[in-house]
Every structure is written in C-alpha cells, then in structure tokens.
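Colleague: I've got a structure open on my screen and I'd like to talk through how it packs. Mind taking a few questions?

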Amino acid sequence: MFNLSSSFSDLATVSTIAKFSGGSIKYYGNGGTPSSASSLNTMLARFKEDMKHYLTRSIGFEAVMRLRSSRGINIHTFYGNFFVRSTDLITLPNVNPDSAYAIQLSISEDMKDFNQICFQAALLYTNSKGERRIRVHTISLPVVTDLLDVIEAADQDAITSLLAKMAVDRSCQSSIQDAREAIINTNIDLINAYRMVHAPQYPGLYISHPTRLLPLYCLALLKHVRLIL
Amino acid sequence: MGVSTRIDERVYAMENMKSMPIKYLMLYIYPNLYPLHYQFDLVTNPPIPLQLSFANIDRNGVYLLDTYDHLFIYICKSVHPQFLADVFNVTQWSQIPDECEQNTTTMGNTLQRTNPPQVNGFIPNSGDNQPYSPTTLHNNNENQNHNYSHEANQLIEPETKSNTHLMKTPVINLPYFDNPTSQRIHAFINSLIEDRPFKPNFHILR
C-alpha cells in the first residue's frame, strides 16, 4: 500500500489490509500540504522509482511456510505481515525479497539428552513462471550446558531486531511506557546474567563482547520515533 | 517528555520495524554517519561510519546521515569555501539551498538544547555512550538527542522551502557539477541507494 496523502489518513486502520495479506506499507508523509512544486516532484520521483522496483522484483505467489523443529522447541509468536493458519504454518499470498519475518521460539522440555537441535523452514510457492516449488532451509545448532557459551554466541543485530518487534506488539497490547521499560529490563537482565556466570575481577558494569553494542542499539531504539513518549 | 509525534509517522515506523530486513532495520534504528569533507575514494578509501555522538562532528565538516528512509547532508559553518564552490556552486555558506530556512525560530522554541547551536538551523545531535566494555549507562546524556533527526523530519517536511535545484536524478536534490568532489559524492550516494528497494527522502541541512 502506497500512501501519498499529505494529511492525516489514519494509517493505523488502513494499514491492516497489508498486514494480513503479506503486503507492505510505504508512506511518503508530507504531514501538511507540500509547499512547493519541487518537493512534490521529488516525492513523485521517489514514488516512480519505488513502483518500478515493486513491479520488477522477483516474487513468489500463493505461498505457505512451515517451520519444523526438534522436540522440545515450540513456536511462541510470529512477527511480520502474513496470516497465521495454525501453530507452525503461515500463509503468505506473496513472497518478496523486501519483507522479513521473525519467529520467537520457546523451550518446553529439558534438552539434556540432545547435543544438537535442528530447524527446518520450508516454503511452498509458485514462482513467476508458474512452477510450483518448495525451498527448504535447514539449520542445526548445538546444545550447550554452560550459559557462558550461549552468551558468547549471541547475535546482537538479531536480538535488537527481535526486541524492536516485541516492543511493537507490547505497545499495542499494553502501552508504550511498558514497551520502553521492557526493553530496558532486557538489557538489565542480560548484564545481570553475564555477571553471574563470569564474575569479573573489578567492579563496574560488565558485558560480553558479542553483545557489547546491545545497550547502544537499545538506547537508539528508545529514542526512535516509534517509541518516543 | 513534551515531545509528541504524529500518529501516522509512529504507526508507519511500527509497521516498518515489523517487516523490514535486518540489514535495513539496523540502519533505521542506528543510522550511519559518513564524513564527506576529506578526500575519499569509493574503492580504496571509502568513508567509514562514525559513532553517533556530537563529539564526532567537526566544525568544518560535511556529513551524510543515512537512516534508510531519509538521507541528510549536513554542512557545518566553517566548511572550506572550495568545497562549497565545488559541490553547490555558491561562495557563501548562507547561500546553500536549505530546506530549513523557515524553521530556525520554530526549532529554537520547540526543542530544548543545552549545547549552543553551532549552525543556523537543525543539529542532528546524537549523544550516545561508548560501546566498549565495561559500559556505564549515563542517563544525563539523553538531552543530546538522537531523535532530533526524526523530529526535524516532521518539522521540515510540512514547511519545505522551494530552493532545491532540480537535477538529473530528481530523487536526490543535490546539484551535480563536473569536478571530482561533486562526482565522488554523487557516486558515493548512488552506491548507497542503488540496491535499496525504496528510495530515501533527501534533505540538505546547514
């Protein structure tokens, strides 16, 4: 959905059409009437480029995606623009290279008998030539006993991205203030947990090397237009 | 906090966060700030992003802030006149086509700043902490705000002054001249945006 309106257009209501149908929203907001012809021309030039990209990008149609995992891992929530058909099946009317989907998992059973777990994401789609195809990605991750190994293997970009998505949901369910506090609490919990497993020799706030930028990214997230009070 | 955002912008930012790929989401959350005022080469010596702190802003520098959906060029007051002549074809800093000319008093009234404004207009202040361990989280740096760039978007866009030069690629309103400085800046900007699905909104600020 491309929104070029210059006044309030209730994007919160109108954008739901894109949310469940695998679409995307592009808002060119000028906020008021565009005060000059040249800024209007710029906006139209951008719209033209975006539309050109939109119509010529690679795409798949009528897709469903299923995530399979080893026993003991359950899917907690999905984040993104699609329709959730059952516990691990999502329907995507179109698949394009510009959307991202996030899946939050939870551990439901003790995994002490396993030394690795596997995930498989399978996407069944129709490509632009009309052929029905399945694309499969499988990944296997080790199971460790030490919390230190888990923290040392953390991916801070992925953590920030998932935090942002969780904050969006939390602010819709309760309030923006809650979402902000939840982000701050996440950072506090991480630093506390790291301190417990890796007691430092000297006082001060200690954070692991792979997650060293996480407080910085969370601060940037809190100052973003999305979460400003 | 006394700063309010328009609800359409906020909802759009929400939707973006849920569906953007990680590479662009990280740019959206923590933008890249490139210094443009020294000799750089796209292949051998490309500009590297700086930490978003006002301490890194040089008084005679020109910076490009890339937040995925907006591109800002920020020109400081003591910029070298040769640079001005090469890139904008003007002789004085005050002659640069600026979108913010109407906004200076509004900016001064609505945004609270404790540091003196060095340039006439918008300051993309981002006071952040050092990312090295051990980290200490200072809360008194919050007034140097990273959100100014987003604030200014909402204030800039309704009152855009029509002084921008129209040019070859109308998406980017930067005049193009036939000298190496202007060419390499254009080449750099194009290399940033050419593989993006959505083209950014471009602003010149001084």
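**A buried asparagine, packed helices and two cores**

Modeller: Sure, and keep in mind that this is a predicted model. A handy place to begin is N81(A), which, leaving aside its neighbours within four places in sequence, is in contact with A18(A), K19(A), G22(A), G23(A), S24(A), L92(A), Y101(A), E15(B) and S19(B).

Colleague: Does N81(A) count as buried or exposed?

Modeller: N81(A) is found in the loop between strand 4 (73-79) and strand 5 (83-86) of chain A. Its relative accessibility comes out at 4%. Buried means under 20%, so N81(A) counts as buried.

Colleague: Which residue's backbone oxygen does the side chain of N81(A) reach?

Modeller: The contacts of N81(A) include A18(A), K19(A) and G23(A). At 2.8 Å, the side chain of N81(A) reaches the backbone oxygen of G23(A).

Colleague: On to the helices: at about what angle do helix 5 and helix 6 of chain A pack?

Modeller: Two packed helices are described by the angle between their axes and the distance between the axes. Helix 5 covers residues 156-173 and helix 6 residues 176-197 of chain A, with the axes 8 Å apart. Helix 5 of chain A passes helix 6 of chain A in a right-handed crossing. The packing angle is about 150 degrees.

Colleague: And how many nonpolar residues does the contact of helix 5 with helix 6 of chain A have?

Modeller: From helix 5 of chain A come L163(A), A167(A), R170(A) and S171(A), and the residues they meet in helix 6 of chain A include I176(A), A179(A) and I183(A). By class, the contact has 2 polar and 2 charged residues, and the nonpolar ones number 6.

Colleague: Over in chain B, how far apart are the axes of helix 1 and helix 2?

Modeller: Those two pack at an angle of about 145 degrees. A13(B), N16(B) and M17(B) of helix 1 of chain B make the contact with L25(B), Y28(B) and I29(B) of helix 2 of chain B. By class, that is 5 nonpolar, 1 polar and no charged residues. The axes of helix 1 and helix 2 of chain B are apart by 9 Å.

Colleague: Which element gives the largest share of the largest nonpolar core?

Modeller: That core has 42 residues, and I183(A), L221(A), M17(B), I29(B) and I57(B) touch the most other members. Elements giving two or more residues include helix 5 and helix 6 of chain A, along with helix 1 and helix 2 of chain B. The largest share, 7 residues, comes from helix 7 of chain A.

Notes. Residues are numbered from 1 along each chain as its sequence is written. Chains are lettered from A and ligands numbered from 1 in the order in which they are written. This is a predicted model: local features need pLDDT of at least 70, side-chain atom pairs count only at pLDDT 80 or more; totals for chains, interfaces and linings use all residues. Side-chain values use heavy atoms; hydrogens and water are left out. Axes are lines fitted to C-alpha atoms, for helices over the stretch in contact, and angles run from 0 to 180 degrees between N-to-C directions. Helices (H or I, at least four residues) and strands (E, at least two) are DSSP runs, numbered from the N terminus. A crossing is left-handed if the near helix is turned anticlockwise from the far one by less than a right angle, and right-handed if clockwise. Contact means heavy atoms within 4.5 Å. Ala, Val, Leu, Ile, Met, Phe, Trp, Tyr, Cys and Pro count as nonpolar, Asp, Glu, Lys and Arg as charged, and the others, Gly among them, as polar. Buried means under 20% relative accessible area, exposed over 50%, partly exposed in between (1.4 Å probe, protein chains only). A polar contact is a pair of N or O atoms within 3.5 Å; within protein, one must be able to donate a hydrogen and the other to accept it, and residues adjacent in sequence count only if both atoms are side-chain atoms. A nonpolar core is a set of buried Ala, Val, Leu, Ile, Met, Phe, Trp, Tyr and Cys residues joined through side-chain atoms within 4.5 Å.
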